[in-house]
Structures are given as structure tokens and as C-alpha cells.
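Here are some friendly notes to read with the model open beside you. Take the points one at a time, and find each residue on screen as you go.

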Amino acid sequence: MRRLLAAFLMLALCAAGARAGDPDGAFRRWLAHDLWPAAHGAGISREVFNRAFAGVRVNPKLPDLILPGQSRIPKRQRQAEFGAPARYFNERSLAALAARGRALLGRHKRLFARIAARYGVPGRIILGIWARESNYGAARIPYNAFSILGTQAFLGRRRELFRRELLAALTIVQKGYAPAKALKASWAGALGQPQMMPSFYLKYAVDFDGDGRRDIWRSIPDITASIASHLAAHGWKRGLDWGFEVTVPASVSCTLEGPDQGKSFARWAAMGVRRAGGGPFPKGYVRRRGYLLMPAGRFGPAFIVTDNFYVLKAYNMSDLYALFVGHLGDRIRWNARSFRAVWGDVGHLPRSDVAAMQRRLEALGHDVGGADGLPGFKTRRYIGRWQAAHGLKPRCFPTQRLKALLK
Ligand code: CA
């Protein structure tokens, strides 16, 4: 009880310090009296702790902080549009990434063969993730991880999550996987070229060049094998592709989308779903499970994806992200062309409008996966079901017109 009281007093003092305009003094006190006991308990030495936080200051410019006189979500964030699919698949950027990816695949042929032998993940998929996360390392990842994670653990809206990540970052240094000064992070606190949060790094980063360090900042073997190790640990199936673009006849409803409505490729084919551009699904897929994916509902390309598509989503939860990686991989490996169907102009709704529709669907008893303003597959298909139930053609995507109807 006394410890609890002491902890409470300390927190109150720190918060008062942060408010009083001395965030760094408050941060130092928080490090000494709150974080250090936890780190010590987790096996971190005083030396590692001090080295990690030497010269580290609070970064008040980070997003999602609770700062003096600011308790509401900034307006900018409320008004943000969700990423429209068409913008996500910018043709010029995809073509450039594919060209660079092909060059890297050629240059590191033996490395990718070794990784595929060990983890079962092909080079084109690893390159797709590497490209998306850091433009094959060309993106600047300049921030001190202890400053980013420390600020978020001290002042952020999701303090508990970042406190765990901060302790994981200290553990990385304690175990000697990487020196403290090497831990460079993005604005969001993700580490190195594969952009792994520290807890993920601890689980999945590997030393593939055998120098004793898991260097996801500079070593191409470590970067690429760490991505493969992550995918393998999440169940990547050797020899299985991510999926195929298809055409979906009007008789097959877009409400059949989603990982919980899988059918065999043979069944989809029997229902009239065809590979875009013609031709049958490859041999060996007939009995495999496939899942309908329509990221823009009836307003864009459709896909039958495999279990491996959902392994890509373990790296980043977004359907568009996983699709980008798979598609870029196809372009790297087979010089594949862009999608055959075009992404329609779906009107660019702000996230707050999509969230309002989601709350309406929730009120009607549908599980849309949370009113986050992002039209994921659950939102898409319940929109489609609502449309069908109201005598409309299911389109499975939020639009301006639907916003007016779904009130
Ligand atoms: Ca290494």
C-alpha cells in the first residue's frame, strides 16, 4: 500500500512537472523512480539503463501525447481521410519499387535462396515488405528509439503499450543484440529497415550474417532474414502464393468477402469466379482454401487470396498493405503488370463519416470490427448486407451516397 501511495505521489509530481513546463525534469524523475525499478526487475543493468537514456529528452512533437491544455484529439486527426485504395497503389512508385526490387533480387540471389531454404518465404515477398517499410532502406529512420518510446511511455495516450516496448528496447541492448546508440526508430517507434517494434524484434529478428548481432539497421542478410523469420513464425506456408486477381460475376455477392468465409478454389471457380485475364488457377490450388478480397467493394479489383495473405497481415493489419506486398512481389518476380480492374473514384470520405456509418451498423446489431473509420472487410460486407436488405445492389463500400442513406 505504501509503495502504491509512493508511486501515485511520484506520478502526480511528474505530471505536475510536465505541466509546469519542465517536461525533461519530470521525465528524469520518472526514469529514476518509476521506470528504473521496473527495468531492474526485468534484468536490465544500471550501466545499460544509463547508456540508453544518456542525453535522451522528451520529444513533445510526437503524435498522441497528452500535453498541457490538450485533452482532445486534434481536429486534423478527426478529419483525416482513410487511405483510398487508388492512392495506395500509385503506379509510378510501384514501377520504381519493382525495378529496384528486381535488381536486389538478382544481386542477392544466393542470400534469398538460403533464406527460402530456411524459412520457406520467397525473396519477392521479403522485398515487398522491405520496400513498403523503408523503401529498401532508403527512407530515413533517424530517431533515437529511447526518446520516442520514452516520450510515449511517459506522456502518451497508450502509455502501457509503449512502456512494454521501451522495456523490450532495453532488453535488446542488455542481451547484446545491438548497441544502444544503434537503436534508430521511426516516428512511431518501429526499429530499423524492417520497421519492427522492439517486442517483435526480440521474438523475430535474427543474425543471418553470423557476426553476433541482429543488425536490422545495416545488414541486408539480417534485415531480409528477420522479415522471413517473422512471416515463418506466423505460419507462412512454403510454396503457396498470396493470391490472384479475379473477376467476380454479379451472381457472387461481395458480402462473401473475408477470412471467415473461405471456400476451395474449385468451389469459387464453380461459382463463376475467374482469374483476371483468363486462364485457370494454377494446378495444386484446386483443393486449397481461398478467400474473397474486395478492398474497394464493387468499385475496384477483386482477389481470391490464400492463408499466406493473412500471414502478411500479421506484419501490418491492413488489407491494402498485404495486397501491396503481394502485388509488388509479383511485379518484381514476374514483371507482372498492374491490376486489370481499376480502382474506382469512391469519393474520399473522412474517417469520421466512415466511423458514423460503422456506429449505425453497430446499432443495427452488426459486428463491424470497431468504429475506427477504416472500412475493413467486416465493415464492407455489412454495408453490402444492409444494401441487399434494403433492395439495393450490394456494393460493399462506404460512399457519399450511402452516408446519406445510412443515417
Ligand atoms: Ca548480424
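1. Let us begin with a helix and its surroundings. This is a predicted model, and in it the buried residues of α16 are covered by elements that include α17 (377-389) and α18 (400-405). Which residues of α16 are buried? They are D353, V354, A355, M357, Q358 and L361.

2. Now check the length of that helix. Helix α16 covers residues 351-363, 13 residues in all. At 1.5 Å a residue it should span 18 Å, and its end C-alpha atoms are indeed 18 Å apart, so the two values agree. Just after α16, look for G365, which has a positive phi of about 95°.

3. Next, find the calcium ion. Its protein donors come from D207, D209, D211, R213 and D222, at distances of 2.2 to 3.1 Å. R213 gives its O atom, while D222 appears twice in the donor list, each time through OD. Along the sequence, the donor residues follow the spacing D-x1-D-x1-D-x1-R-x8-D. Two of them, D209 and D222, are 13 residues apart and link distant parts of the chain: D209 sits in the loop between α11 (198-204) and α12 (220-233), and D222 in helix α12.

4. Is the calcium site regular or irregular? The angles among its six donor atoms run from 45 to 160°, and the site is irregular. For comparison, ideal angles for six octahedral donors are 90 or 180 degrees. The burial of two donor residues is worth a look too: D222 counts as buried because its relative accessibility is 0%, whereas D209, at 35%, is partly exposed.

5. Turn to the nonpolar interior. The largest nonpolar core has 91 residues, and F53, F146, L183, Y201 and L231 touch the most other members. Helix α15 (residues 319-334) supplies the largest share, eight residues. At least three residues come from each of domain 1 (2-68 + 145-183) and domain 2 (243-334). In general, nonpolar side chains tend to be buried together in soluble globular proteins.

6. Zoom in on L183. Beyond its neighbours within four places in sequence, L183 is in contact with residues including F146, A169, I172, V173 and W217. A second, separate core has 16 residues, among them V246, V252, C254 and I304.

7. Finally, visit R100 in helix α6 (residues 91-107). R100 counts as partly exposed because its relative accessibility is 38%. Leaving aside neighbours within four places in sequence, R100 is in contact with R107 and Y136. R100 and N135 are 35 residues apart in sequence, and their C-alpha atoms are 9.4 Å apart in space.

Key. Residues are numbered from 1 along each chain as its sequence is written. This is a predicted model: local features need pLDDT of at least 70, side-chain atom pairs count only at pLDDT 80 or more; totals for chains, interfaces and linings use all residues. Side-chain values use heavy atoms; hydrogens and water are left out. Donors are N, O and S atoms within 2.8 Å of the metal (3.2 Å for Na, K and Ca); water is not among the atoms, so sites may look incomplete. Four donors count as tetrahedral if all angles lie between 85 and 135 degrees; four count as square planar and six as octahedral if opposite donors are over 155 degrees apart and all others between 65 and 115; anything else is irregular. Helices (H or I, at least four residues) and strands (E, at least two) are DSSP runs, numbered from the N terminus. Buried means under 20% relative accessible area, exposed over 50%, partly exposed in between (1.4 Å probe, protein chains only). The expected span of a helix is 1.5 Å times one less than its number of residues. Contact means heavy atoms within 4.5 Å. A nonpolar core is a set of buried Ala, Val, Leu, Ile, Met, Phe, Trp, Tyr and Cys residues joined through side-chain atoms within 4.5 Å. Domain bounds come from an automatic or database domain assignment.
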